[in-house]
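Let's walk through this structure together, starting with the whole chain and ending at one small sheet.

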Amino acid sequence: MTSPLIELKGVRKAFRSADGASRTVLDSVDFRLKPGEIVALLGQSGSGKSTLLRIMAGLLDVDRGDVLYRDKPLFGPAQGISMVFQSFALFPWLTVQQNVELGLEARGIAADKRAERAEAAIALIGLSGFEGALPRELSGGMRQRVGIARALVTEPEVLLMDEAFSALDVLTGERLRNEILALWVSGRMPTQAILLVSHNIEEAVVMADRVLVFASDPGHVRAELAITLPRPRDADSLEVRALIDEVYALMTAGEEGVSPSSAHPVHAHLSDRLPSADIGRMEGLLELLFRPPFDGSADLPKLGQQAELRDVELLPLADALNRLGLAQLTHGDLVITALGRRYVGDDKTLRQQLFGQQLLAHVPLVAYIRHSLEQEPSGELKEEPFLRLLRESMAPAEAERVLSVAIQWARYGEVFEYNFHTGLLELPDGPVGEA
Amino acid sequence: MHANRFFPSQVVAASGNRWDWALLPLVLALLGLLAYGAMQMTQPYQVGKPLALTLDPRFLPYYLLRTVLRMALAMLASIVFACAFAALAVKFRAAERVLVPLLDILQSIPILGFLSITVAGFIALFPGSLLGVECAAIFAIFTSQAWNMAFSLYQSLRTVPAELSEAARVFQLSGWQRFWRLELPFAMPSLLWNMMMSMSGGWFFVVASEAISVSNQDIKLPGIGSYIAMAIEARDLAAVGWAIAGMLVGILLYDQLFFRPLLAWADKFRFEESAGDTAQSSWLLTWLRRTERVRRLALLPAFGLELSFGWFRRRFDGTSVRARPVPVSPLWSRTWDALLAAAVLLAVWRLLSFVHTEVGWSEVGHVFVLGLYTLARVLVLIALASLVWVPVGVWIGLNPRWSGRLQAAVQFLAAFPANLMFPVAVMFIVHWKLNPDIWLSPLMVLGTQWYLLFNVIAGASTIPTELRLAAQNLGLKGWLKWRRYLLPAVFPSFVTGAITASGGSWNASIVAEYVSWGDTSLQAQGLGSYIAHMTSIGDFPRIALGIGVMCVFVMGMNHFVWRRLYAIAENRVPF
């Protein structure tokens, strides 16, 4: 067996937040990136896959464990490892050519040599003629081409792609990814291994030789799936669709209300990462699920296609419906519950009431805030103590996101209100939810 | 090109194009003037010997040249200072903890304070030469320019977008390469904006920095500022008029030959496309870009920079032991904290004992009360100026036809030294026998009110069109329209303007509370006039006391009023 390009052994990474509390983002992660393979990391946001990518790029150091590049410890960014960024990270004041030359310039390579290599890379990625353009003159797809040329011009052995196609529209992203695959198959790329972090399940299945599914708190590899189908792979072929279904099932496994082995419901915590699910969309998705052709039960990829939602949008919605008991996630399928059927049939006011009841019953954070507010004679509390509570187990930005999701849901369910100007959480005026 | 084909090719190739030839005289004249001005700065000089100055307007261009040169040198020094400060403060946490509070203090020290402390030292540095006094004047201008530039650069460097910063690391840029390729370009727009503000500040204090009358020194360096000082002493209104004209020319020259081209050039550093920004244009830059030879000359620094990238590059890879992160030992940072705390305690103790022995506590109380007077003036005047300029600014900002033209005019007014209007005020007050305690006060905001107007215009002109249409559609009228729509929309930019205006007013109080016209001088009770008076008689302990108290007031205002308002403006609108 060939020796791995990058090897992680028992890696642990924790971040210290502003108030001194330490959160573990990754724990005991083992990983090997071997020559000749494309590996995709999948997982919901906050599962630490981006952190893992940045550790391999030498941008972050680890608290425990080893990071080896070609059997040598890696302390910082290395010449043989290059990266493509989600929002391109082009320097807006440099021309396309200057951007591509950046890595060569940093190494002190002579100007004529630099220009030669940059032009070759620009031609390879299909941007000839745009050398003198500024990034702001280019479309998103073309900007990412510059980002890829910039990464390839240094002739890296390892190419890291951090959601490289997710900022592009579907069509452009698909085209670019097929071109990268064609380059990879033809061997015109100097790169020996590609690691991509993605939200898009189809993208991962079409591109990768191995798909790793990440689970959060702390981040670890939950499942691994080898894909041996020959390239090019047709995203609509039966084999690929079957694999996509399988990955969906793996991705949603932890969110299923009832785990297949035991009949006990998964214990819900105060600090659960509530998915960023918009209520309007949740209801829309539930109605779609209820109506023909699904009639209450749907394969997630098909449902996503029908609703014109991307994975990164669909999965939080499915998760939220599952949490609230309006639908159930099993093996990558979403099935409407009896309560969900009742919900779809209700009018606006009843829906809100039902929503509020489900919140109090199934979302511990909302129930806890409501309970705390009821203890107060004034019926109001500052948001800070709740944020602090959340920050103990997640990053400050994530804590704010989770609290804002809780607030949105609670407003809809009329469980509590939030005054933006004063930063106070307060009990609603009228009779509330079930009370 | 056909006519050229009979000439040897070197001649054709070396001759440049017509743009080159047109620009050549301008470049040569500029170089000649700079050389001449620089030579004049190093004349022999003995302390006490008055320099020959005249109110003859024919000498005004020469004085203008000297002043412009001083401004340029001070600006250069400010840029270097800002870069060094920002780079140190951002790269080293230990340095940041000293430098940032230090700059906070430095920027609240009035310019006359610096001058009175340093002028003797500068003169001693170059005995027998004018260069010492020149340095003192340049340093004084520097102190009115450097601080906000340093702060702006520091803020920009701290807010470099994470992905760009990561890209710079992945592609292994060294600290030097990173500064020139990423950090400085990113900071450029706000740095330029602050340079323009600084230049305005420099013009405002040109009289104080050239006509040095601190610590019993009375030196007038050849320059516009000294010319104005002399005109005021001689009660020569015509000369004041000439000085105003000369200064207009100076400001215009800087605008057209320096800032416009820079702004137009820096357009490429704009980080994000925002609707409110329109590209600046400059005839000079367009001209320069069309030349061949001169342009190649301008490419030299770029070439030098690239060369330096080869020298200052990272010479080790990520697998080298040199890339290994060195953990900051908690012992070292704790020692550093302890040292800092000790230094602060020592300084406080020294200050207290100094005040106790040199000036006495009753004087401190007196100065503090004076500070309250000035505080009241600043607050009342900012409030009054807001009442006038917020509606005007909103009106201008909502009328796109006017906003473009008037914005330039307002910027110009901000650069215009309001102290030129002081003689008029003195005559007015003396003639009508008015109370100087009240009627001198408006002079404080004469120069700084424009920041208010300027920012409100900018804020109002960025109100989205849809919001305007919605307000129209809903038929919002009267007070409701202001409370629900216009005031919240301009509040953040109003706060920005008010911060600048208030800071400037404190600084201006030193020249505004103590004004003279010939041998008539008027004084308002306040901290500014106290400092001005003590500076002119050279009473160091009391200067220090006055400056210290002013620092306390300005920093207190910044901390307890403006920063809070700013935080509110960013997030929640209190209406």
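What follows goes from overall dimensions to strand pairing.

A word on the model: it is predicted, so to speak of local features requires pLDDT of at least 70 and side-chain atom pairs count only at pLDDT 80 or more, while totals for chains, interfaces and linings use all residues. Residues are numbered from 1 along each chain as its sequence is written, and chains are lettered from A and ligands numbered from 1 in the order in which they are written.

Chain A has 435 residues and a radius of gyration of 24 Å, which agrees with the value near 22 Å for a compact globule of that length (taken over C-alpha atoms; the rule is 2.2 Å times the number of residues to the power 0.38). Its C-alpha atoms fill a box of roughly 75 × 50 × 45 Å along the principal axes. Of the residues, 42% count as buried, meaning that 20 or more other C-beta atoms, placed from the backbone, lie within 10 Å of the residue's own.

Chain A holds 15 helices and 16 strands (DSSP runs numbered from the N terminus: H or I of at least four residues, and E of at least two). Now look at an open sheet of three strands, antiparallel in its pairing and ordered β14-β16-β15 in chain A; strands pair if DSSP finds at least two bridges between them. At its edges lie β14 (380-382) and β15 (417-419) of chain A, each pairing on one side only.

Between β15(A) and β16 (residues 424-426) of chain A there are three bridges, and the two strands run antiparallel. Within β16(A), Glu426(A) is the bridge partner of Glu417(A).

Conventions
A residue is buried if 20 or more other C-beta atoms lie within 10 Å of its own, exposed if 12 or fewer, and partly exposed in between; C-beta atoms are placed from the backbone.
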